[in-house]
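Me: Got a minute to go through this model with me? I'd like to start at the surface and then work inwards.

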Amino acid sequence: MATELLTHAKTGVIQMGWPKLYEAVAFKGNKDDDKSAKKDDKKKNESTPAYGFPVLLDKDDPDHMRTVRILQKLSKNAEDNAIALKKWGKKDRIVSNDGLKDADEDEILDGDKTVLMTDKYPNRANHFYVNFSRSSKAGRPGIRYIDDEGILRELPEPILGTKEDIQAAQANLNDARAAYATADEDAQEEAKTLVLEATRNLEKAQERDAKAKEVKVLWDKLVYPGQNVQASVTARAWKTQTGSGVSYRLDNLTIVGGGVRDGSFEYDEDFTDEDIEALIAWRDKHVNAKPSKADDEAALLADTDFDEADSDDEVDEDTGEIAVKPRRKAAVSRRRPKPVEVEDDDVDEDEDEEEAPRHRPKKTSSRGRRKPAPVEVEDDDVDDEDYPDMF
């Protein structure tokens with residue numbers, strides 16, 4: 001028997017796509033097909049929960065292309081092994097579905113038609129695409145990370161189900177308290193013991209939940225799309241009734257660190273020094289600008305009119321405040337215009353009564369006592385400066 005060819009190797013440093021590592025995820029079949037499928041068929045359409053993440057390998061990146069060549073070699077070895085072991089026929093190699101896709105050349109299904117991968121996912125242009133996965137039946141892959149001091153550490157296992165544990169413990173405590181409240185004198189001591197035990201169980205569940213949150217914070221800090229990682233994978237040839245192919249099992253993972261989270265932008269890229277200076281200027285003008293007492297007095301003087309005879313203002317010697325004497329209102333004629341007599345036949349009952357024209361008062365000198373007759377003006381001729389209170 002020929003020696004089995006190598007199908008396991010490490011990649012170079014790559015950037016992790018959206019990860020499924022904290023918890024295994026199952027993928028379901030098409031929703032429309034799922035609605036019409038029988039109960040047994042639905043179970044077939046639902047895949048086994050798996051861990052993993054996709055990877056895009058840039059054709060212009062020499063390090064990425066070294067990983068592409070490694071995967072291509074592993075894939076060929078897996079196919080040769082399958083043929084040597086009689087698990088594949090030679091025809092299987094021709095029609096096999098390789099897990100490593102050239103996005104610019106390979107086709108995928110889009111609904112009921114076949115299209116180039118780049119037609120459906122334009123961001124994959126000039127890249128190879130591969131998905132590293134591991135069935136939950138095989139357990140979570142080994143994951144370690146290099147900390148800021150250069151020490152290799154094991155990423156702690158996620159603690160799952162804490163919310164449900166707390167809810168169950170709280171329900172048990174509520175039941176124990178209710179039983180204690182209705183217990184007779186003979187059963188009260190035992191009921192009290194059950195309450196204390198349920199209380200301790202709830203506290204343990206809460207402590208476990210607190211620990212789970214600490215672990216989740218570390219995972220969120222290290223495991224994200226765009227993180228730099230190195231993976232060890234195994235190429236595996238498979239064959240089913242519908243076809244054959246090669247997939248890549250994720251065995252272990254080292255988180256290198258220093259990756260840029262996918263979809264995020266560096267602060268310095270968005271906000272330059274000029275932006276900050278402009279923001280400070282805006283804040284000083286709109287937020288920090290507080291009118292002084294002198295500004296208030298100046299505004300008061302600017303908005304107040306004075307008669308020439310009343311221009312001597314009184315100043316408070318203690319506070320310095322100015323007691324302003326406002327200008328006396330200009331006198332306007334109160335003489336009513338003489339009514340115009342008209343014949344009854346000239347009045348049109350259907351017409352609305354025309355609004356009386358406004359009268360523009362004229363400033364009077366403090367020396368003169370005769371009141372001038374009112375002057376009729378049109379609304380458009382009114383000067384805003386003569387009537388500061390009107391506008």
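Me: Which helix does Ile276 lie in?
Reply: Ile276 is in helix α9. Helices here are DSSP runs of H or I with at least four residues, strands are E runs of at least two, and both are numbered from the N terminus.

Me: Before we go on, what kind of model is this?
Reply: It's a predicted model, where local features need pLDDT of at least 70 and side-chain atom pairs count only at pLDDT 80 or more, while totals for chains, interfaces and linings use all residues. Residues are numbered from 1 along each chain as its sequence is written, and side-chain values use heavy atoms, with hydrogens and water left out.

Me: OK, back to Ile276. Is Ile276 buried, exposed or partly exposed?
Reply: Partly exposed, because its relative accessible area is 31%. The cut-offs are under 20% for buried and over 50% for exposed, with partly exposed in between (1.4 Å probe, protein chains only).

Me: Which residues make the nonpolar surface patch?
Reply: Tyr267, Phe271, Ile276, Leu279 and Ile280 make it, and it covers about 470 Å². α9 gives the most, with 3 residues. Patch members have over 30% relative accessible area and no salt bridge; nonpolar side chains (Val, Leu, Ile, Met, Phe, Trp, Tyr) are joined within 5 Å and like charges within 9 Å.

Me: And where's the negative charge gathered?
Reply: In a surface patch of Asp268, Asp270, Asp273, Glu274, Asp275 and Glu277. The elements giving two or more residues to that patch are α8 (267-270) and α9 (273-286), and α9 has the largest share, 4 residues. Asp and Glu count as negative, Lys and Arg as positive, and His and the chain ends aren't counted.

Me: Why does Asp273 count as exposed?
Reply: Because its relative accessibility is 60%.

Me: Switching topic: how many salt bridges does the structure hold?
Reply: 17. A salt bridge here is a side-chain nitrogen of Lys or Arg within 4 Å of a carboxyl oxygen of Asp or Glu.

Me: What does Lys76 pair with?
Reply: Asp80, with the closest N and O atoms 3.0 Å apart. The two are 4 residues apart in helix α3 (residues 62-84), so about one helical turn separates them.

Me: And Arg93?
Reply: Arg93 meets Glu79 in a salt bridge at 2.9 Å, N to O. That pair links distant parts of the chain, since Arg93 is in helix α4 and Glu79 in helix α3, 14 residues apart. Arg93 is partly exposed at 30% relative accessible area, whereas Glu79 is buried at 9%.

Me: Any others worth a look?
Reply: Asp251 bridges to Arg249, with 2.7 Å between the closest N and O atoms. Back in the helices, shared partners join Lys76, Glu79, Asp80 and Arg93 into one salt-bridge network.

Me: Now the rings. How many aromatic pairs does a search of the whole structure find?
Reply: 3. Rings of Phe, Tyr and Trp (its six-membered ring) pair if their centres lie within 6.5 Å; planes under 30 degrees apart are stacked, over 60 edge-to-face, and the rest tilted.

Me: What's the geometry for Tyr22 and Trp219?
Reply: Edge-to-face, 5.3 Å centre to centre with 85 degrees between the planes. Tyr22 is in strand β3 (residues 20-25) and Trp219 in helix α7 (residues 188-222), 197 residues apart. Tyr22 is buried at 18% relative accessible area, and Trp219 is buried at 3%.

Me: And Phe53 with Phe132?
Reply: Their centres are 5.9 Å apart and their planes at 80 degrees, so that pair is edge-to-face. Both Phe53 and Phe132 are buried, and ring pairs link them with Tyr248 into a cluster.

Notes. Accessible areas come from the Shrake-Rupley method with a 1.4 Å probe; for residues, only the protein chains shown count as cover. The place of a charge is taken as NZ of Lys, CZ of Arg, CG of Asp or CD of Glu.
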